[in-house]
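Biologist: Please take one part of this model and describe it closely for a first-year student. I should like to hear about the second largest pocket, and then about the surroundings of the ligand.

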Amino acid sequence: MKNILVVGGAGYIGSYMCKYLAKKGYNPIVLDNLIYGHRQAVGWGPFIEGSMADSKLLKSIFTEYHVEAVMHFAAFCYVGESVSEPGKYYRNNVANTLNLLEVMIENNVQYFIFSSSCATYGEPIEIPITERHPQNPINPYGRSKLMVEQILKDFSNAYGLKYVSLRYFNAAGADPDGEVGEDHRPETHLIPLVLQTALGQRERIDIFGDDYPTKDGTCIRDYVHIADLAQSHLLALERLMDGMQEGEYNLGNGDGFSVKEVIEVARNVTGRTITSRVTKRRPGDPAVLIGSSKKAVKELGWKPQFADLSTIIETAWKWHKSHPEGW
Ligand code: UFG
């Protein structure tokens, strides 16, 4: 069985990735410092508590296990916090990732799959966003992801690192079996907050602005299911191992939903009352983010299975109902 080191494997997407890898015959080895991850989310493969900043620990993992590849899910992801505490984001998302890459090179680990973000594009000048869209991130979170993308290119040139950067649009949904799901603390993402409102844990959901230049005035996003993200990671790794060129890929469904539409779909899926009110805009939110993933479909053979927004919300609802307090 091939060993894959999953850094951030106790987090929302990383923990599902481990389940997916195990199902596909790989051995996921989880490294997570549990700052945001949850020990209970680790259900597949060995678990090592620690940081990608710890060179000695990384070396010991690479010595103990024959690690074929590293998948990286260990970035901090709060856009607002990245503006008020940029040092925290550059330290973890860039410096610590650089450390991981250096220790990988020293230990001849060649393959790296990176969770990048549509936040690297900044304010879009063209919709849908393709991989050739200029990258001008507007916050430290997006910049930290772009910096790592650039480091990966340089490491590929200099040391032969084989990498793929996957630029997610809005990751959403939960394990269709209901075993793994989203539990950010604090929670800032739309779908979990809407479902917490459906559960009666919140009085209402705030809609951040209804004066955007969109059909109903609320922001439009491209929601992509975590199981489809997991599928793309393994496809990217397998293609790389077959000799595919390094590269960057968007992962979205090419379909946009407004905040009001998301709330409406959640009302239908849950059958519950979800009270909303319009508040002021949240700084840094682009009006519309929709990605073209044609490149991933063509070159990786990516076939999203959960593209429908109702299905995405149904899977998330199943998780929230069975884990009302999260992990
Ligand atoms: N929103 C609300 N009310 C809320 C929460 C969110 O109206 O209580 C709106 C936001 O303003 C936005 C949309 O719902 O228009 C989605 O917001 P999320 O916070 O769920 O996600 P973002 O679009 O901000 O996601 C961004 C980037 C991702 C990045 C992520 C980091 O698109 O690439 O932030 O967490 F990974």
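**The second largest pocket and the ligand shell**

Modeller: In this predicted model, 13 residues line the second largest pocket, and those nearest its centre are Tyr16, Tyr20, Lys23, Ala227 and Phe306. The space in this pocket comes to about 170 Å³. Two helices, α1 (12–23) and α7 (226–241), each provide at least two residues of the lining. The greatest contribution is that of α1, which gives four residues. By class, the lining of this pocket consists of six charged, five nonpolar and two polar residues.

The ligand may now be considered. There are 24 residues around the ligand, and Cys77, Ser117, Asp206, Arg221 and Asp285 come nearest. Several side chains place polar atoms beside oxygen atoms of the ligand: for serine 117 the distance is 2.7 Å, for histidine 189, through an N or O atom, it is 2.8 Å, and for asparagine 170 it is 2.9 Å. On its own the ligand has 700 Å² of accessible area, of which the protein covers 91%.

The shell around the ligand includes 16 nonpolar residues, together with four polar and four charged ones. Helix α6 (190–198) and strand β8 (205–208) each supply at least two residues of this shell, and β8 gives the most, with four. Both domain 1 (3–172 + 225–251) and domain 2 (190–222 + 254–291 + 305–322) contribute to the shell, with at least three residues from each.

Methods:
Residues are numbered from 1 along each chain as its sequence is written. This is a predicted model: local features need pLDDT of at least 70, side-chain atom pairs count only at pLDDT 80 or more; totals for chains, interfaces and linings use all residues. Side-chain values use heavy atoms; hydrogens and water are left out. On a 1 Å grid over the protein atoms alone, a cavity is a set of points where a 1.4 Å probe fits but cannot get out, and a pocket is an open set with protein on both sides within 12 Å along at least five of seven lines; lining residues have an atom within 4 Å of a point. Grid points are joined across faces, edges and corners, and a volume is the space filled by probe spheres set on the points. Ala, Val, Leu, Ile, Met, Phe, Trp, Tyr, Cys and Pro count as nonpolar, Asp, Glu, Lys and Arg as charged, and the others, Gly among them, as polar. A residue is near a molecule or strand if one of its heavy atoms lies within 4 Å of it. A polar contact is a pair of N or O atoms within 3.5 Å; within protein, one must be able to donate a hydrogen and the other to accept it, and residues adjacent in sequence count only if both atoms are side-chain atoms. Accessible areas come from the Shrake-Rupley method with a 1.4 Å probe; for residues, only the protein chains shown count as cover. Domain bounds come from an automatic or database domain assignment.
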